[in-house]
Amino acid sequence: MKILLLGKNGQVGWELQRSLAPLGELVALDRAGDVERGLCGDLQDLDGLRQTVQALRPDVIVNAAAHTAVDKAQSEPELARRLNAEAPAALADAAQAAGALLVHYSTDYVFDGGGTAPWAEDAPTGPLSVYGTTKLEGERAIQASGCRHLIFRTSWVYAARGGNFAKTMLRLAAERERLTVIDDQFGAPTGADLIADVSAHAVRQTNQEPRHSGVYHLAAAGVTSWHGYARFVLDTARVLKPELPNKAQDVAPVPTSAFPTPAQRPLNSRLNTARLRQTFGLVLPHWQIGVRRMLTEIL
Ligand code: NDP
């Protein structure tokens, strides 16, 4: 099996380099591509992407690249649309022509965040931001292309590598006596490693069972708020490394309105993952298991 991976250095892309490697020949590109081999990895270059797929003729294309700066996307909608909608559309057309399976990632931000029930895959969408809107356009373009595809909508992604919410909380707790954290947005922190491992399983199974093609919700089990997440991070860090500087006596819950941002976020980001678990026979561990593991790695 030949696999083309785009966005190899993002949170999910980095973990995919590990999880996809045992499946076959992996060609992993970042936006600079592979100049020597004439391969383009830049999502802004639609012709370059098409030519790369034509030249490589991969069995599987995995797109882990995207415009993920949610607030910035509000002021650069053309770029967000290019990366999140037009590039996936070009990849989908190229995948269809090459008979390849396209694996792509989308987001809880395609929903408007109303209610408290976990969203099923076929629940009505209603993005609140440019990021959510363009990600939804990307999903629709892939579905319309007719290519075999796996679209994984995920939420609150973290990885041990690079910056993340937990590291920010640990830094702030070392500096401040009081932290304020949003307590009215609910979701499940989901590790990039889990997303990558599930992706590899699903690729193998979908290559044998093309009817598995479709949209799936992929998030860790359980639910929390950002406030609950912060409390868990600080409590766990205290146990794992008691000598860690921690001035924060108080982690105060505040509403979303306390932190105005250019992009509006959904309050309810709970994702119903039953379809994924049943189709692929997988178990999605509780979010605390992955976060504790990540903290053990970084502390
Ligand atoms: P990251 O922001 O960690 O990685 C995105 C990658 O895209 C980066 O490596 C970035 O490269 C690359 N990229 C940006 N512009 C281009 C371009 N023009 N050409 C090629 N590559 C480019 O994202 P995640 O790993 O967190 O996200 C993976 C997927 O999951 C995305 O589809 C995202 O929408 C989705 N998702 C993420 C969530 C989250 O909380 N992070 C939540 C829900 C869904 P560079 O580093 O060079 O900029």
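In the predicted model, the lining of the second largest pocket draws most heavily on helix α10, which gives 4 residues. Helices α1 (11-20), α7 (192-208) and α10 (287-298) each supply at least two residues of this lining. The lining comprises Trp14, Glu15, Tyr158, Ala159, Ala160, Arg161, Ala192, Asp193, Gly290, Arg293, Met294 and Glu297, and these residues divide into 6 nonpolar, 1 polar and 5 charged. The space that lies in the second largest pocket amounts to about 160 Å³.

Helix α1, one of the contributors to the pocket lining, has Val12, Gly13, Glu15, Leu16, Ser19 and Leu20 as its buried residues. These residues lie on the same side of α1, because the arc that they cover around the axis is only 165°. In general, an α-helix has 3.6 residues a turn, so residues three or four places apart point the same way. The packing partners of the buried residues of α1 are the strands β1 (2-6), β2 (25-29), β3 (60-63), β4 (101-107) and β6 (157-158), together with helix α7. Glu15 thus appears both among the buried residues of α1 and in the lining of the second largest pocket.

Helix α7 also contains serine 199, which counts as buried because its relative accessibility is 1%. When neighbours within four places in sequence are left aside, serine 199 is in contact with Leu16, Tyr105 and Phe152; Leu16 is itself listed among the buried residues of α1. Serine 199 and valine 103 are separated by 96 residues in sequence, whereas their C-alpha atoms are 8.0 Å apart in space.

A further buried position is threonine 236, which is placed in helix α8 (residues 226-240) and has a relative accessibility of 9%, so that it counts as buried. Beyond its neighbours within four places in sequence, threonine 236 is in contact with Arg292 and Leu295.

The loops of the model present positions of intermediate accessibility as well as a buried one. Aspartate 45, in the loop between β2 and α2 (46-56), is partly exposed, with a relative accessible area of 33%. Its C-alpha atom is separated by 9.7 Å from that of arginine 31, a residue 14 residues apart from aspartate 45 along the chain. Valine 223, in the loop between β10 (214-217) and β11 (224-225), is likewise classed as partly exposed, with a relative accessible area of 42%. Not counting residues up to four places away in sequence, valine 223 touches Phe186, Gly187, Arg270 and Trp287. For the pair formed by valine 223 and arginine 270, a separation of 47 residues in sequence is accompanied by a C-alpha to C-alpha distance of 7.0 Å.

Two loop residues were examined for their backbone geometry. Most residues other than glycine have a negative phi. Arginine 57, by contrast, has a positive phi, near 45°, in a residue other than glycine. Arginine 57 lies in the loop between α2 and β3 and is partly exposed, with a relative accessible area of 49%. Tryptophan 156, which is not a glycine either, has a positive phi of about 45° and is found in the loop between β5 (149-154) and β6. With a relative accessible area of 8%, tryptophan 156 is buried.

The cysteines were considered with respect to disulfide formation, a disulfide being a covalent bond between the sulfur atoms of two cysteines. With a cut-off of 2.5 Å between cysteine sulfur atoms, the count comes to 0 disulfides. Cysteine 40 takes part in no disulfide, and the nearest cysteine sulfur to it, that of cysteine 147, is 18 Å away. For cysteine 147, the closest cysteine sulfur is in cysteine 40, and the distance of 18 Å is too far for a bond. Cysteine 40 counts as buried because its relative accessibility is 13%, and cysteine 147 counts as buried at 4% relative accessibility.

Definitions and conventions. Residues are numbered from 1 along each chain as its sequence is written. This is a predicted model: local features need pLDDT of at least 70, side-chain atom pairs count only at pLDDT 80 or more; totals for chains, interfaces and linings use all residues. Side-chain values use heavy atoms; hydrogens and water are left out. Buried means under 20% relative accessible area, exposed over 50%, partly exposed in between (1.4 Å probe, protein chains only). On a 1 Å grid over the protein atoms alone, a cavity is a set of points where a 1.4 Å probe fits but cannot get out, and a pocket is an open set with protein on both sides within 12 Å along at least five of seven lines; lining residues have an atom within 4 Å of a point. Grid points are joined across faces, edges and corners, and a volume is the space filled by probe spheres set on the points. Ala, Val, Leu, Ile, Met, Phe, Trp, Tyr, Cys and Pro count as nonpolar, Asp, Glu, Lys and Arg as charged, and the others, Gly among them, as polar. The arc is that of the directions from the helix axis to the C-beta atoms. Contact means heavy atoms within 4.5 Å.
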